[in-house]
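Grab a pencil and keep the 3D view open while you work. Try each exercise yourself before reading the solution.

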Amino acid sequence: MLNHASYDFKQTTEELIMTNQNPNSTSSVTSNSNLSLAEQLARPELLALTPYESARRIGGRGDVWINANESPFNNSDLAKLNRYPECQPESLIKAYSDYSGVAAQSIVSTRGADEGIELLIRAFCTPGKDSIACFGPTYGMYAISAQTFNVGVISLSLTDQYQLPSDFAAQTADAKIVFICNPNNPTGTIINKKDIEQAIAAMPNAIVVVDEAYIEFSSTYSVADLIDTYPNLVVLRTLSKAFALAGARCGFLMANTDIIDLIMRVIAPYPVPLPVSEVAEKALSEQGISLMQQQVGLLKEQGIRLSQALTQYGANVLPANGNFVLAEFENTQQVSQAVQQAGIVARAYKDARLKNRIRFSFSNESDTDRLIAVFSSNTLSPNTKDYQQQ
Ligand SMILES: Cc1ncc(COP(=O)(O)O)c(C=O)c1O
């Protein structure tokens, strides 16, 4: 079993370079059987890279630790805060493995799902050459992360029903990584499992990333159980949403061990701060998970109230499978102003596909009361557009 703390690679660098003639071309993907799919898709220079060996990763035996230029003084209430943390805290990984049902060696903890997105782009995309693809309207960080590394963005569109297009493989043919957000932000819609599985299978020579940041709010399914079936599948998760830990910056990247090996080559030496792993582990305890489930239930109740009020007002409301609802208005500017005047900050978009739409995150009962009051007040003119006629 691979050990995140003292990471070891299965083949030597020389072996990999000798067998890796052109790892980025499609032909090498099908012909070079000595390399795993992940190694064939990786940026070739990463195969030759000797990853940084932090003092923590090298480890050692003894009771005087003077190998990492740390301070011997712990000035905090938190034990060992003067010491560098483990690269991948074993107990945190185990806790997420128990929660998700995915094997520990298939999980990497990151600084939020956002870092997972960035690590994937850095591991698999050569700047100035490769591209990622994503289906909009969707989470903006896939494109922004790619752009910050001079990696191309193939911006595709979900269908009118917010599903993947039937010619998915043709549209994404030139992409090294395809991002699918499910449930999708900001629409809140979900894609049929069979279609996601078909998409993963249709792109065997690309990494297909399913971003499940909002999965706890969706009662349907996860694709995490497909990780052992598809060597090109990556699932992203986060504790920022249902687990109420956005400020802690803790997410998880889950994939087969070949992909995990590559991610461990590009990840920072200490990506998980000690206080973060402590709060994250607590959130992933039996008690923490039950609290999360209870709060997800409460938020969904408030979401139903809000969606009903918006529908009653006359807005076009999409089914909400995350902790937010996207609503379309005829008089968006007026609604936006009224919401702002009530001291409520919601989210509007520049994307033309999201014109006239506002996204409202679910909140507690009193926040929801305040928002519903805006839509039932007489100051707002009624939304009379018939969206069925569009
Ligand atoms: C779909 C999606 N993925 C990832 C993220 C980022 O999550 P994190 O806070 O874990 O970086 C967000 C945040 O809004 C999101 O909406």
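## Exercise 1: Around the ligand

The shell around the ligand holds five nonpolar, five polar and two charged residues. Ala, Val, Leu, Ile, Met, Phe, Trp, Tyr, Cys and Pro count as nonpolar, Asp, Glu, Lys and Arg as charged, and the others, Gly among them, as polar. A word on the model before you start: it is predicted, so local features need pLDDT of at least 70 and side-chain atom pairs count only at pLDDT 80 or more, while totals for chains, interfaces and linings use all residues. Residues are numbered from 1 along each chain as its sequence is written.

**Task.** Find which residues are around the ligand, and say which helix gives the largest share of the shell.

**Solution.**
- Step 1: Apply the cut-off: a residue is near a molecule or strand if its C-beta atom, placed from the backbone, lies within 6 Å of it.
- Step 2: Read off the residues: Gly-112, Ala-113, Asp-114, Tyr-139, Cys-181, Asn-185, Asp-211, Ala-213, Thr-238, Ser-240, Ala-246 and Gly-251.
- Step 3: Look for the main contributor, which is helix H7 (residues 112-124) with three residues. Helices (H or I, at least four residues) and strands (E, at least two) are DSSP runs, numbered from the N terminus.

## Exercise 2: Two helix pairs

**Task.** Work out how H7 is oriented relative to H11, then do the same for H13 and H15.

**Solution.**
- Step 1: Know what to look for. Two packed helices are described by the angle between their axes and the distance between the axes. Axes are lines fitted to C-alpha atoms, for helices over the stretch in contact, and angles run from 0 to 180 degrees between N-to-C directions.
- Step 2: The axes of H7 and helix H11 (residues 257-266) cross at roughly 95° and come within 9 Å. So H7 is roughly perpendicular to H11 (angles under 35 degrees count as roughly parallel, over 145 as roughly antiparallel, 65 to 115 as roughly perpendicular and the rest as oblique).
- Step 3: On the H7 side, the contact uses Leu-119, Arg-122 and Ala-123; H11 brings Leu-262, Ile-263, Arg-265 and Val-266. Two residues are in contact if their C-beta atoms, placed from the backbone, lie within 7 Å.
- Step 4: Sort that H7 and H11 contact by class, and you get five nonpolar, no polar and two charged residues.
- Step 5: Now helix H13 (residues 286-313) and helix H15 (residues 365-376): their axes cross at roughly 5° and come within 10 Å. That makes H13 roughly parallel to H15.
- Step 6: The classes for H13 with H15 are seven nonpolar, three polar and two charged residues.

## Exercise 3: Two sheets

**Task.** Give the strand order of the seven-stranded sheet and of the four-stranded sheet, and name their edge strands.

**Solution.**
- Step 1: Two strands pair if DSSP finds at least two bridges between them.
- Step 2: The open sheet of seven strands runs S1-S7-S6-S5-S4-S2-S3, with mixed pairing. Its edges are S1 (107-110) and S3 (152-157), each pairing on one side only.
- Step 3: Zoom in on S2 (residues 131-136), which pairs with S3 in the parallel sense over six bridges. Here Ser-131 has Gly-152 of S3 as its bridge partner.
- Step 4: The open sheet of four strands has the order S8-S9-S11-S10 and antiparallel pairing. S8 (316-317) and S10 (347-348) are the edge strands.
- Step 5: Inside this sheet, five bridges join S9 (residues 324-328) to S11 (residues 357-361), and Leu-326 stands opposite Arg-359 in S11.
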